[in-house]
Amino acid sequence: MTTDIVFETQDLHVSAPQQDGSVIPIVKGVDFQVPRGKVVALIGESGSGKTTISLSSLGYCKPGLAFSGGQARLLGEDLCSQTNEDLRSIRGNKVAYLAQSAAATFNPAMTINEQVIESVVSRGLMTRESADARALELYQALDLPNPDSIGARYPHQVSGGQLQRLMAAMALCGKPALLVLDEPTTALDVTTQIEVLMAFKKVIREEGTAAIYVSHDLAVVAQIADYVVVLRDGEVKERGPTAAIINHPRHPYTKRLMAAASPWSAETLSRIDTEDVTHRTTVAEAVNVSAGYGITWNGAPRFKALESIDMTIRKGSTVGVIGESGSGKSTLARVVAGLLPPFDGDLLLDGRQLEPSYRRRTRHELQRIQFVYQMADTALNPRQTVGDIIGRPLEFYLGLKGKEKRARVDELLTLVDLSPEFASRHPDALSGGQKQRVNLARSLAAEPEVLLCDEVTSALDTIVAGNVIELLQRLQKDIGVSIVFISHDLSTVASFADEIVVMNQGKIVERGPTKQILSDPQHSYTQLLISSVPEMRQGWLEDTLASRGSQ
Amino acid sequence: MFTLILKRMAIGFVTICAVSIIIFLGTKVLPGDAAQIRLGQEATPENLAALRERLGLDLPMWQQYWNWLNAFVHGDLGKSLAGDAPVNELIADRYKNTLIVSVLTAAVGVPISLILGITAAMFPGSSYDRVLTLVTVSLVAAPEFFTATLLVLIFVFWLGIGNAVVIGSIDGKSFWELIQHFALPIGVMCLIVASQLIRMTRAAVLNVMSSPYIEMAILKGLSRQRIILRHAVPNAVGPIVNIIALNLAYLVTGVIVVEIFFAYSGLATLIVQGVQTRDFVVVQAVGMLFCAAYVVLMLIADIAAILSNPRLRHPK
């Protein structure tokens, strides 16, 4: 064993012991190494065991899991067999962890600095003064604003991107030999992600720490990792230097992963060939719509979420609504659906005025506009069978009963690529992708003309999300439904929208045919958004920031 | 944050007003009025009318309500229908018993419950936790008179200590003598309150313990003690204070069975007697006091929850 290896696993097994004595394997014999000063990415979809493997470097298993074989060696010492007391001296000191959501991993009741330095100070590894100095140094290295005073704040007082960088400071405070980053930019908007990614990359290089970077996003990994390990179902499928993996993937699974990620580059852009749909008839329309939340004062609510929005939904075509969190894109869908009545402006259906609130719309109007929620997990009633869930709109809107209803449920399930046997199952017996299909089938059951899809693929793995998009495309072709596709993910929207509407801070900043928006964006925000989507090539991050700096 | 607290206090005030209207109307819808109850079956219509006029019962409803509320706010709780004694005096005799038992129960029960609840949350699934769960669930399920009977059986009849009936004056007794005097009622109340409090404290702390920042604290290599005391407990304070306030409110108002079981005279027995003798002046007065105590304790709980929320304490 060479001393150049900071962390390695050897035939690592992790499993979940069940009540009845049986054991479900989660990680099935994984070997990989993290050389000193290098970044190794663990790539995989949910359930691939990537987080579980990364946590083995801290000797930690999530509740309900246990090490069941092999070794995880940090600096030559096996962690799997150590007691919690032994591990305490390693955690936060030799190896540190960065979680996906900084907002949840910071204690809301303590100041940031207190949490950054507590690991080293409470164990007497550093004096408070030297830890404070170290924290300040890290705040500066991570390009945080007001590094002198930011530590005195509480977690809710800083932005999401800042908090993510502060978590890096918390992890690095004890000068660990190994840093574990678990999807550290996944919850961020693309424009924020690019800054955070750069800050991480810089600080990792300056500190010279080795790192395990867990992600599902190959394009992000391409920017920061030296080596990539592709995981699936707790096994290594492929491994190698980053350039080799992204340029010449060998394993079929890696190839599928690459294809589904709809990699974003000038080349793919040129392949987009959207039809001009402006001549198609208008189904629904929002004219000068403004809406908001909170107490109404002088005719306008206190918090405006949408201002003077115009949107046209054309027959059989797709409008992609793109924007970052807080841009008002979900509010727009809620307004069209009548869930949030606008305080100003008109909604039109077939040119006729539509009531602002769903309560006062006719059943037929309700039927024509259907909403598909982002979280299929929470949108499906866990106590009802799939058949009941899909059958309800059939009964309510179409008056189907008994045999007819059952036959139609079967048809709808087939339409979304599920077999009719699913009708008797409950939602908790379905996978994430299957749930989203049921969610979609329920909306389609009403035979709508407009389908409002709010981030329907965001909670899904890339390959599954790709399948759902394909399904939507096929449905549109077959039944001519109009789709409003809301997403924060530009590449998903680009892959299938006819027109794009770009939203920022409650306003539409730009609109037009997909190809035009992507190839020749006029508004500076659209340009920023498009240039922030990671491309699947190494060096993209530096190039982008360099070109921004020179402008 | 201050506007939030003010808003909450205003809501508390509105609640008390609403309760006063309900209590007032509640006694009005009963058949018979104060004049009739005092004069009994043989009253002549003339006598009734005269007494009604004297008592102000001939006035319009809102005016009667206003007079009653006005007197109440100024400390005049009215005159008992049975025996014509001022309600103030009746209460003065008894409130000390209820107050002492409540305060002593809180002083003993709350700290013990918090410690037991937090330690149970520190070792979930341990045999200590399981035994505690078994005991507390049994106590929550058992009615108060059963717990009281059990304690009397064990202590008074088997062990020969304590009194099955609490009698005698409390004047001139020291703190320690008071505890001895009320040992069994306090014991019963402690068990009842503690079983609720332990379970809810445990749940509140466990809820916090499953949050990601606790996992982060573990992965930072912090000691268990530090994780509990610095990370878990401060975030569980809001719900725990709420639970304590709810239980204290129970101590003030829910002691009827205990007071009657041990036959010492407190406020709860007064309201029961009031109901039995149709003395609705007493029922109104004590009812209002109970409600006021309840609303004030809930108010304190809400304000504590607001104060313990860092987002409200340190706005952006």
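This is a short tour of a predicted model, starting in chain B and ending in chain A.

**Stop 1: chain B as a whole.** Select chain B and colour by secondary structure. You'll see 15 helices and zero strands. Along its principal axes, the C-alpha trace spans about 85 × 60 × 35 Å. Of its 316 residues, 34% count as buried. If you like contact maps, take the chain B contacts between residues at least 6 apart in sequence: 72% of them join residues at least 24 apart.

**Stop 2: the two domains of chain B.** Now colour residues 2–73 and 96–308 separately, since the domain assignment calls these domain 1 and domain 2 of chain B. Their C-alpha centres lie 33 Å apart. Where they touch, 16 residues of domain 1 of chain B meet 14 residues of domain 2 of chain B. Stay on the domain 1 side of that contact and pick out helix H1 (2–28) and helix H2 (34–39) of chain B, the elements that give two or more residues to it. Which of them gives the most? That would be H1(B), with twelve residues. By class, the domain 1 side that touches domain 2 of chain B holds eleven nonpolar residues, four polar and one charged.

**Stop 3: where chain B meets chain A.** Bring chain A back into view. Here 16 residues of chain B are in contact with 24 residues of chain A. On the chain B side, select helix H10 (212–219), helix H11 (224–253) and helix H15 (310–313); each supplies at least two residues. The chain B side that touches chain A is made up of seven nonpolar, five polar and four charged residues.

**Stop 4: a sheet in chain A.** Hide chain B and look for six strands that form an open sheet with mixed pairing, in the order S6-S7-S8-S3-S9-S10 (chain A). Strand S6 (95–98) and strand S10 (235–241) of chain A sit at the edges, each with a single partner strand, so each has one side without a neighbour in the sheet. From one strand to the next, the twist averages 15°. Zoom in on strand S9 (residues 227–232) of chain A, which runs antiparallel to S10(A) and is joined to it by six bridges. For one pair to click on, take A:Val228, whose bridge partner in S10(A) is A:Gly240.

**Stop 5: helix H15 of chain A.** Next, select residues 386–398 of chain A, the 13 residues of helix H15. Put a distance between the C-alpha atoms at its two ends and you get 18 Å; at 1.5 Å a residue the helix should span 18 Å, so the two agree. Show side chains for A:Val386, A:Ile389, A:Ile390, A:Gly391, A:Pro393 and A:Leu394, the buried residues of H15(A). What do the buried residues of H15(A) pack against? Helix H16 (402–415) and helix H17 (432–445) of chain A. Right after H15(A) comes A:Gly399, with a positive phi near 65°.

**Stop 6: over to A:Tyr525.** From A:Leu394, jump 131 residues along the chain to A:Tyr525; their C-alpha atoms are separated by 43 Å. A:Tyr525 is in helix H21 (residues 524–532) of chain A. Is A:Tyr525 buried or partly exposed? It has 19 C-beta neighbours inside 10 Å, and being buried takes 20 or more, so A:Tyr525 counts as partly exposed. To finish, show A:Val502, A:Asn504 and A:Val509, the residues that A:Tyr525 contacts once its neighbours within four places in sequence are left aside.

How values were computed:
Residues are numbered from 1 along each chain as its sequence is written. Chains are lettered from A and ligands numbered from 1 in the order in which they are written. This is a predicted model: local features need pLDDT of at least 70, side-chain atom pairs count only at pLDDT 80 or more; totals for chains, interfaces and linings use all residues. Two strands pair if DSSP finds at least two bridges between them. Helices (H or I, at least four residues) and strands (E, at least two) are DSSP runs, numbered from the N terminus. Axes are lines fitted to C-alpha atoms, for helices over the stretch in contact, and angles run from 0 to 180 degrees between N-to-C directions. Domain bounds come from an automatic or database domain assignment. Two residues are in contact if their C-beta atoms, placed from the backbone, lie within 7 Å. Ala, Val, Leu, Ile, Met, Phe, Trp, Tyr, Cys and Pro count as nonpolar, Asp, Glu, Lys and Arg as charged, and the others, Gly among them, as polar. The expected span of a helix is 1.5 Å times one less than its number of residues. A residue is buried if 20 or more other C-beta atoms lie within 10 Å of its own, exposed if 12 or fewer, and partly exposed in between; C-beta atoms are placed from the backbone.
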